[in-house]
Amino acid sequence: MLGCIDIRLEVIMPPDIQPKSLKELLTKKELAVTKLVAEGHANPEIAVQLGIKYGTVVSHVRNAFLKLHCKNRVQLAAKYLMEDRPNV
C-alpha cells in the first residue's frame, strides 16, 4: 500500500526584494493616464487634457492594464489609489 506524502512548496523572497511601485513599472505618460483614469476621466477627456491622440490614450491604458495585471479601469484606478500618489 502506498502512503501519501505531504509536499508543500513555499515561495521565499529575499527581504530586500519589494514589489515595484507604479512609478517604476509605468512610463511617465502611462502614469499620467492612469492618474486621470483614477480620477474618473474618459479616454477622450484624457486625450484633450494631455494633448495626445485618443488612440495613444487607448494604448497607454492597455499597456498599464498589462503591466499591472488589471482587467478593467476600476482595477487600474484601485491600484493607483492604493499606492502613495506619485507626483505626475
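The mean pLDDT of this predicted protein model is 85, and 73% of its residues reach 70 or more; pLDDT is the predictor's confidence in each residue, from 0 to 100. Among the elements, helix 1 has the lowest mean pLDDT, 90, and helix 3 the highest, 98. Where pLDDT is low, the predicted coordinates should not be read in detail. Because the model is predicted, local features need pLDDT of at least 70 and side-chain atom pairs count only at pLDDT 80 or more, while totals for chains, interfaces and linings use all residues. Residues are numbered from 1 along each chain as its sequence is written, and side-chain values use heavy atoms, with hydrogens and water left out.

**Overall architecture**

The protein has five helices and zero strands, in the order α-α-α-α-α from the N terminus. Helices (H or I, at least four residues) and strands (E, at least two) are DSSP runs, numbered from the N terminus. Of the 88 residues, 30% are buried; buried means under 20% relative accessible area, exposed over 50%, and partly exposed in between (1.4 Å probe, protein chains only). The accessible surface comes to about 6900 Å², and 60% of this surface belongs to carbon and sulfur atoms. Areas come from the Shrake-Rupley method with a 1.4 Å probe; for residues, only the protein chains shown count as cover. Among contacts (heavy atoms within 4.5 Å) between residues at least 6 apart in sequence, 54% join residues at least 24 apart.

**Core and helix faces**

The largest nonpolar core has 19 residues, and Val-57 and Leu-76 have the most contacts inside it. Helix 2, helix 3, helix 4 and helix 5 each supply at least two residues of this core. A nonpolar core is a set of buried Ala, Val, Leu, Ile, Met, Phe, Trp, Tyr and Cys residues joined through side-chain atoms within 4.5 Å. Not counting residues up to four places away in sequence, Val-57 touches Val-33, Asn-43, Ile-46, Ala-47 and Ile-52.

Two helices can be set side by side.

| Helix | Buried residues |
|---|---|
| Helix 3 | Asn-43, Ile-46, Ala-47 |
| Helix 5 | Leu-76, Ala-77, Tyr-80 |

In helix 5, the buried residues cover an arc of only 95° around the axis, so they lie on the same side of the helix. The arc is that of the directions from the helix axis to the C-beta atoms. These buried residues pack against helix 1 (22-25), helix 2 (28-38) and helix 4 (54-68). Exposed Val-74 and Met-82 sit on the face of helix 5 turned away from its buried side. At the N-terminal end of helix 5, Asn-72 acts as a cap, with a side-chain oxygen 3.1 Å from the backbone nitrogen of Val-74.

The buried residues of helix 3 (residues 43-50) fall within an arc of 100° seen down the axis, so they line one face of that helix. Their cover includes helix 2, helix 4 and helix 5.

**Individual residues**

Ala-38 is found in helix 2 and is buried, with a relative accessible area of 17%. Leaving aside neighbours within four places in sequence, Ala-38 is in contact with Ala-77, Tyr-80 and Leu-81. Ala-38 and Gln-75 are 37 residues apart in sequence and 9.3 Å apart in space, C-alpha to C-alpha.

Gly-51 follows helix 3 and has a positive phi, near 65°. His-69, a residue other than glycine, also has a positive phi, near 60°. His-69 lies in the loop between helix 4 and helix 5 and is exposed, with a relative accessible area of 67%.

Methods
A polar contact is a pair of N or O atoms within 3.5 Å; within protein, one must be able to donate a hydrogen and the other to accept it, and residues adjacent in sequence count only if both atoms are side-chain atoms.
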